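Reader: Walk me through the inside of this one, please. I'd like to hear what each label rests on.

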Amino acid sequence: METAQEVERQKAELARLAAEAAARRTFGDAIAQWGKLELSWRKNGGREGMRMLNKDVLPILGDVALVDVKRAMLVDILDGVVERGARIVANRLFADPRQFFNFAVTRDWVEAHPLAGLSREKIGGREKERERYLSEEEIIELNKRLPAAKLSRTTELAIWIMLSTCCRIGELSQARWEEMNLDSGEWLIPAGNSKNAKDHLIFLSDFTKEQFQALYTISAGSGWRLTSRGGERFASSTSISSQIRDRVRSTPVHGRAKATKSLLLSGGSWTPHDLRRTGATMMGELGIMGEVIERCLNHVERNSLKRIYQRHELKAERREAWRLLGERITLLLTVGDEGNVILGRFAQTA
């Protein structure tokens, strides 16, 4: 009997100590531990997620006891982000606390998930899928507008590389010369730089090789293909996007480039990622099969059975797709004012 009572006393004492520890654990402490155990496994080490939490959430809730964090507190913060016009940011920010509390519940740090039952649609609203791509007329227009835009030469070359390879801006900005073989015309994007964390081999068309050769004369002294001004590190994707955004916007921003509207095309504003969508659309117009285009985009097959059993890489077909795309872009950029080329008439969506 005494032994059983002693066991119960020990259990009660452990429960009391656990309750005290839980009361002392702040939201900020818990987030930090979650970051080490979970976020660190993300491709970018969780840096972007922690940046957003440090900006909007932790300054308000960091010192609050984790067990005292309520749904209303979190939703108030997210509503504030929406009120400043950043609905998409609010949706992104919502995702990390939701994952964190799943983690906290499994460890009995909290008894219930304060965000249970909420979805992104109830925070920032449903996000509209972006469909913008450049028409062939706009590609010709872009080429004519570039000289007046006064972009850095590396950004000009990056535009044509993104269009002709359908790569993502981050994949290009972090690329190193050691990952490319210009002689064989191959560029290997390592898993650490790709969105789906899988290696991606791009076969370079003659047009793309010319852009990279021009880039090599600028950054050959660095390991990076797109270098920062000092040449010591890679040029950030934010820098490239900002250069383009400054020249697409209608009104100037203090301290930014004055060449506003210089890259505003007839179809409206555009972003670097729209070049990837444009290249894929052009491939389709050139008769490339959808499955080949998806491989060129490094998209993961959604059908699990196909993903498991169909391992053919379609290398020859992908090489041909990039070749045709490069030849088409070359033709568009060399067309004279007389317009002696039949332009693709795929539907344009702003």
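**Cavity and cores**

Author: The largest cavity holds about 50 Å³ of space (the volume filled by probe spheres set on its grid points). This is a predicted model, where local features need pLDDT of at least 70 and side-chain atom pairs 80 or more, while totals for chains, interfaces and linings use all residues. Residues are numbered from 1 along each chain, and side-chain values use heavy atoms, without hydrogens or water.

Reader: Why is this space called a cavity?

Author: Because on a 1 Å grid a 1.4 Å probe fits there but cannot get out. The structure holds 1 cavity of 30 Å³ or more.

Reader: What makes a residue part of the lining of the largest cavity?

Author: An atom within 4 Å of a grid point. Val57, Leu74, Ile77, Leu78, Leu93, Pro97 and Leu115 line the largest cavity. Helices α5 (71-83) and α6 (87-106), both DSSP runs of H or I with at least four residues, each supply at least two of the lining residues. The largest share, 3 residues, is from α5.

Reader: How do you know whether that lining is nonpolar or charged?

Author: Leu, Ile, Val and Pro count as nonpolar, and the lining has 7 nonpolar residues, no polar and no charged.

Reader: What makes the largest nonpolar core a core?

Author: Its members are buried (under 20% relative accessible area, 1.4 Å probe) and joined through side-chain atoms within 4.5 Å. Of its 53 residues, those touching the most other members include Trp160, Phe212 and Met283. Helix α8 (153-165) gives the most, 7 residues. A second, separate core of 31 residues includes Leu53, Leu66, Ile77 and Phe100.

Definitions and conventions:
Buried < 20%, exposed > 50% of the residue type's maximum accessible area, 1.4 Å probe, protein only. 1 Å grid on protein atoms, 1.4 Å probe; cavity = no way out; pocket = protein on both sides within 12 Å on 5 of 7 lines; lining within 4 Å.
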